[in-house]
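Work through the exercises below with the sequence and the model open. Each task is followed by a solution in steps.

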Amino acid sequence: MLPTPMCLKIPQLPFCSVKVAFLCGIIKPIETILQLIYYLEQHKTSTKQMKKLLFAILTILSINLTAQELPSGFWMGRTTGKFPFFNYGLGEDRLGGAKMGFIDTNVVIRVVDSVKDDYKVHLSQSHYAYISKAFVKRADSVQPKAYYLTESFRVYGDSVYDYVKINLAEKLPYKCFQDIHPSRLILDIYGATSNTNWITQLSTAKEVKNVYYEQTEDDVFRVIVELKHEQHWGHHLYYDSVGRKLVLRIKQQPPSLDIRKLRIAIDAGHGGDNSGADGITSHVLEKDYTLKMAKQLEKTLKAAGVKNVFMTRTDDASLTMTDRNTMLLNYAPDLLVSIHLNSSGNASVKGTSTYYRYIGFRPLSKAILKQMLTLGLDEYGNVGSFNFSLSGPTQYPNALVEVAFLSNKEDEKKILDPKFHKQVSQKIMKGIQDWLLSAKQ
Ligand SMILES: [Zn+2]
């Protein structure tokens with residue numbers, strides 16, 4: 001809550017005409033106390049009056065402390081490092097905890113606790129997040145404030161992206177998520193209170209239909225961006241290098257949805273010292289077969305006339321997830337397909353599956369799965385909210401395909417067959433084409 005303007009009248013005191021004003025924290029408690037001490041000296045107050053005054057001081061102090069709105073025992077920091085991100089909680093699984101989202105560097109955070117390798121961050125009065133200590137540096141020079149004001153917005157576009165630029169008084173933490181039916185981006189800025197009375201919208205913006213905001217909580221400022229197309233083509237949030245403008249960059253739907261005109265990225269899972277799963281009877285390595293299938297997909301796409309195909313690896317290179325994401329973000333594809341082979345401790349588990357992280361990117365993975373199922377593979381499913389590193393970037397639609405299970409004899413037989421690689425590549429391409437057709441509507 002914000003400090004409420006109020007006028008506090010101290011009861012039954014001889015100077016009852018003196019009102020102690022607390023207007024939005026302008027008059028600090030120390031000044032108030034000094035006023036009272038001054039009054040005591042001037043009026044040679046009796047013990048009874050002293051008691052009343054002490055009671056008044058305590059009342060004033062307690063009211064003002066509540067109005068501070070800041071937790072005690074915190075320190076200020078800023079985000080740092082490569083691809084810092086917030087987690088919702090301390091939960092963990094094979095792929096890490098549930099991510100709230102990526103955050104730019106140099107964003108101001110209020111650290112309230114330390115739990116193992118994470119810091120607990122106070123985002124707003126009722127929102128907290130966790131962040132790896134590796135992504136935090138101390139920033140003792142930052143003056144903590146209960147809230148910061150938002151300023152004007154500007155919405156415009158160039159030939160590829162639309163931009164929503166929000167002027168803020170500080171680089172504040174945020175969270176953004178995709179919404180569908182209607183397609184929207186919802187951005188929450190923490191510690192921000194509206195002072196926005198001006199949203200300029202230029203006709204160069206092609207993907208943004210409407211921008212408006214709502215103060216959902218006293219210190220949570222929500223920006224709603226309605227999109228023209230049902231399909232999400234990707235977005236990115238960052239602070240402008242100059243000043244304190246938060247930029248929401250939105251990829252426009254490509255002018256042509258002909259697959260030949262798109263920039264398609266392919267990631268062959270694993271590689272080098274990371275060999276992935278191995279075949280139950282053949283003991284072949286996942287990294288070798290994902291590469292074979294990725295190369296076949298590249299061939300199939302190029303044969304169909306796709307000019308721009310990007311491969312994260314074309315040999316047995318060892319690449320970290322950060323290496324892959326860095327390459328992909330530099331290439332800025334229109335879409336990404338990652339290829340992996342599944343494995344289970346239960347040898348009877350088999351089938352094909354596709355994965356997505358964000359709801360706006362689900363249609364691509366669904367369309368690919370639908371085509372993959374025509375290969376006579378069992379359905380293992382379409383898996384959402386999947387915490388796979390390459391599904392993390394929000395900049396482009398992406399799908400992970402776990403072609404089949406290396407740990408199942410029937411699936412393994414298929415995986416070993418070069419004809420099957422060709423079929424898989426054709427089905428993935430057909431899935432992308434089906435998705436493009438649905439995106440046109
Ligand atoms: Zn894998």
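**Exercise 1. The helix α3**

Task: Which residues of α3 are buried, and what do they pack against?

Solution. Step 1: the buried residues of α3 are Glu-286, Lys-287, Tyr-289, Thr-290, Leu-291, Met-293, Ala-294, Gln-296, Leu-297, Thr-300 and Leu-301. A residue is called buried if 20 or more other C-beta atoms lie within 10 Å of its own, exposed if 12 or fewer do, and partly exposed in between, with C-beta atoms placed from the backbone. Helices (H or I, at least four residues) and strands (E, at least two) are DSSP runs, numbered from the N terminus.

This is a predicted model, in which local features need pLDDT of at least 70 and side-chain atom pairs count only at pLDDT 80 or more, while totals for chains, interfaces and linings use all residues. Residues are numbered from 1 along each chain as its sequence is written.

Step 2: these buried residues pack against the strands β20, β21, β22 and β25, and against the helices α6 (409-415) and α7 (418-440). Contact here means that the C-beta atoms of two residues, placed from the backbone, lie within 7 Å.

Step 3: check the length. α3 has 18 residues and spans 26 Å from its first C-alpha to its last, close to the 26 Å expected at 1.5 Å a residue; the expected span is 1.5 Å times one less than the number of residues.

Step 4: look past the end of the helix. Just after α3, Gly-305 has a positive phi of about 105°.

**Exercise 2. The sheet beside α3**

Task: In what order do the strands of the open sheet of 6 strands run, and which stand at the edges?

Solution. Step 1: the order is β21-β20-β22-β25-β23-β24, and the pairing is mixed. Two strands pair if DSSP finds at least two bridges between them.

Step 2: β21 (308-311) and β24 (379-383) are the edge strands; each has a single partner strand, so one side of each is left without a neighbour in the sheet.

Step 3: from one strand to the next, the twist averages 15°. Axes are lines fitted to C-alpha atoms, for helices over the stretch in contact, and angles run from 0 to 180 degrees between N-to-C directions.

Step 4: place the helix. α3 (residues 286-303) packs on the sheet, touching β20, β21, β22 and β25 (398-405), and its direction makes about 145° with that of β22.

Step 5: follow one pair of strands. β20 and β21 pair in the parallel sense over 4 bridges. Asn-308 in β21 is the bridge partner of Arg-263, and Ile-266 stands opposite Met-311 in β21.

Step 6: β20, α3 and β21 form a right-handed β-α-β unit. Right-handed means that, with the strands pointing away from the viewer, the path from the first strand over the helix to the second runs clockwise.

**Exercise 3. The helix α4**

Task: Find the buried residues of α4 and state why they line one face.

Solution. Step 1: in α4 (residues 321-331), Arg-324, Asn-325 and Leu-328 are buried.

Step 2: seen down the axis of α4, these buried residues fall within an arc of 95°, so they line one face of the helix. The arc is that of the directions from the helix axis to the C-beta atoms. An α-helix has 3.6 residues a turn, so residues three or four places apart point the same way.

Step 3: on the other side of α4, Thr-322 and Asn-330 are exposed.

Step 4: the cover over the buried residues of α4 includes β20 (263-268) and β22 (335-342). Just after α4, Ala-332 takes a positive phi of about 50°.

**Exercise 4. Loop residues**

Task: Is Glu-207 buried or exposed?

Solution. Step 1: Glu-207 is in the loop between β15 (199-201) and β16 (208-217).

Step 2: Glu-207 has 21 other C-beta atoms within 10 Å and is therefore buried.

Step 3: leaving out residues up to four places away in sequence, Glu-207 touches Asp-162, Leu-227, Lys-228, His-229, Ile-250, Gln-252 and Gln-253.

Task: Where is Ser-385, and what is its phi?

Solution. Step 1: Ser-385 lies in the loop between β24 and β25.

Step 2: its phi is positive, about 55°, although Ser-385 is not a glycine.

Step 3: Ser-385 is exposed, with 12 other C-beta atoms within 10 Å.
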